[in-house]
Amino acid sequence: MEGRFLHVRGERHTYKIHLGSGNILRSPHDQYLCIVPKSATGGTDGNRTAQTGYLPYEGGRMLAVILSKAMLLAKDTEITDPTILSQL
């Protein structure tokens with residue numbers, strides 16, 4: 001943690017995740033990295049469903065997004081999504 005950023009060290013790069021917005025900057029030149037979380041819907045009515053890792057308190061959605069991005073980027077050599085890989 002430094003200021004408003006969570007620093008995450010992967011094998012490929014070091015990343016900074018903004019604690020307010022969840023936006024990611026990739027070192028060394030603070031290049032923006034776009035990773036959009038999948039939305040969670042259940043059934044045909046579109047109601048949100050609880051997921052593994054669901055945090056049941058106010059503000060939990062952004063914290064969950066930040067933590068999931070941090071865990072993904074910490075293991076950046078295991079990323080297989082072509083859209084994310086093209087940005088690394």
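A salt bridge is a side-chain nitrogen of Lys or Arg within 4 Å of a carboxyl oxygen of Asp or Glu. By this criterion, the structure, which is a predicted model, holds 1 salt bridge. The partners are Lys 16 and Asp 30, whose closest N and O atoms are 3.4 Å apart. The pair links distant parts of the chain, with Lys 16 in strand 2 and Asp 30 in the loop between strand 3 and strand 4, 14 residues apart. Side chains of opposite charge can pair when their charged atoms come close.

The overall architecture was examined next. The protein contains 2 helices and 4 strands, and from the N terminus on these elements follow the order β-β-β-β-α-α. Of its 88 residues, 27% count as buried. The accessible surface amounts to about 6200 Å², and carbon and sulfur atoms contribute 53% of this area. Among contacts with a separation of 6 or more, 44% are made by residues 24 or more positions apart.

The largest nonpolar core comprises 12 residues: Leu 6, Val 8, Tyr 15, Ile 17, Ile 24, Leu 33, Ile 35, Ile 66, Ala 70, Leu 73, Ile 79 and Ile 84. Strand 1 (5-9), strand 2 (14-18) and helix 1 (60-74) are the elements that supply two or more residues to this core. Helix 1 gives the most, with 3 residues. In soluble globular proteins, nonpolar side chains tend to be buried together. One of the core members, Ile 79, touches Leu 72, Leu 73, Ile 84, Leu 85 and Leu 88, when residues up to four places away in sequence are not counted. Of these contacts, Leu 73 and Ile 84 also belong to the core.

Val 65 is likewise placed in helix 1. Val 65 counts as buried because its relative accessible area is 8%, under the 20% cut-off. The C-alpha atoms of Val 65 and Leu 19 are 9.9 Å apart in space, although the two residues are separated by 46 residues in sequence.

Strand 1 also includes Phe 5. With a relative accessibility of 21%, Phe 5 counts as partly exposed. Beyond residues up to four places away in sequence, Phe 5 touches Lys 16, Ile 17, His 18, Leu 19 and Leu 25. Phe 5 and Gly 20 lie 15 residues apart in sequence, with a C-alpha to C-alpha separation of 8.6 Å.

The two partners of the salt bridge have unlike surroundings in terms of exposure. Lys 16 is buried, with a relative accessible area of 17%, whereas Asp 30 is partly exposed at 38%. A polar contact of 3.4 Å also joins the side chains of Lys 16 and Asp 30. With residues up to four places away in sequence left out, Lys 16 touches Phe 5, Leu 6, His 7, Asn 23, Ile 24, Leu 25 and Asp 30. This set includes Leu 6 and Ile 24, which are members of the largest nonpolar core.

The loop between strand 3 (24-26) and strand 4 (31-33) contains Pro 28. The peptide bond from Ser 27 to Pro 28 is cis, with omega near 15°. Asp 30 is found in the loop between strand 3 and strand 4 as well. Asp 30 has a positive phi of about 50° although it is not a glycine.

A second acidic residue, Asp 76, lies in the loop between helix 1 and helix 2 (82-85). Asp 76 is buried yet has no salt bridge. The nearest side chain of opposite charge, that of Arg 12, is 4.6 Å away, which means that the pair falls outside the 4 Å limit for a salt bridge. The side chain of Asp 76 instead makes a polar contact of 2.7 Å with the side chain of Tyr 15, a residue of the largest nonpolar core. Apart from residues up to four places away in sequence, Asp 76 touches Gly 10, Glu 11, Arg 12, His 13, Tyr 15 and Leu 88. Leu 88 is also among the residues touched by Ile 79.

Key. Residues numbered from 1 in each chain as written. Predicted model: local features only at pLDDT ≥ 70, side-chain atom pairs only at ≥ 80, totals over all residues. Heavy atoms only, no water. Core = buried A, V, L, I, M, F, W, Y, C linked by side-chain atoms within 4.5 Å. Buried < 20%, exposed > 50% of the residue type's maximum accessible area, 1.4 Å probe, protein only. Contact = heavy atoms within 4.5 Å. Areas by Shrake-Rupley, 256 points an atom, 1.4 Å probe, with all protein chains shown as cover. Lys, Arg positive; Asp, Glu negative; His and termini not counted. Polar contact = N/O pair within 3.5 Å; in protein donor to acceptor, adjacent residues only side chain to side chain.
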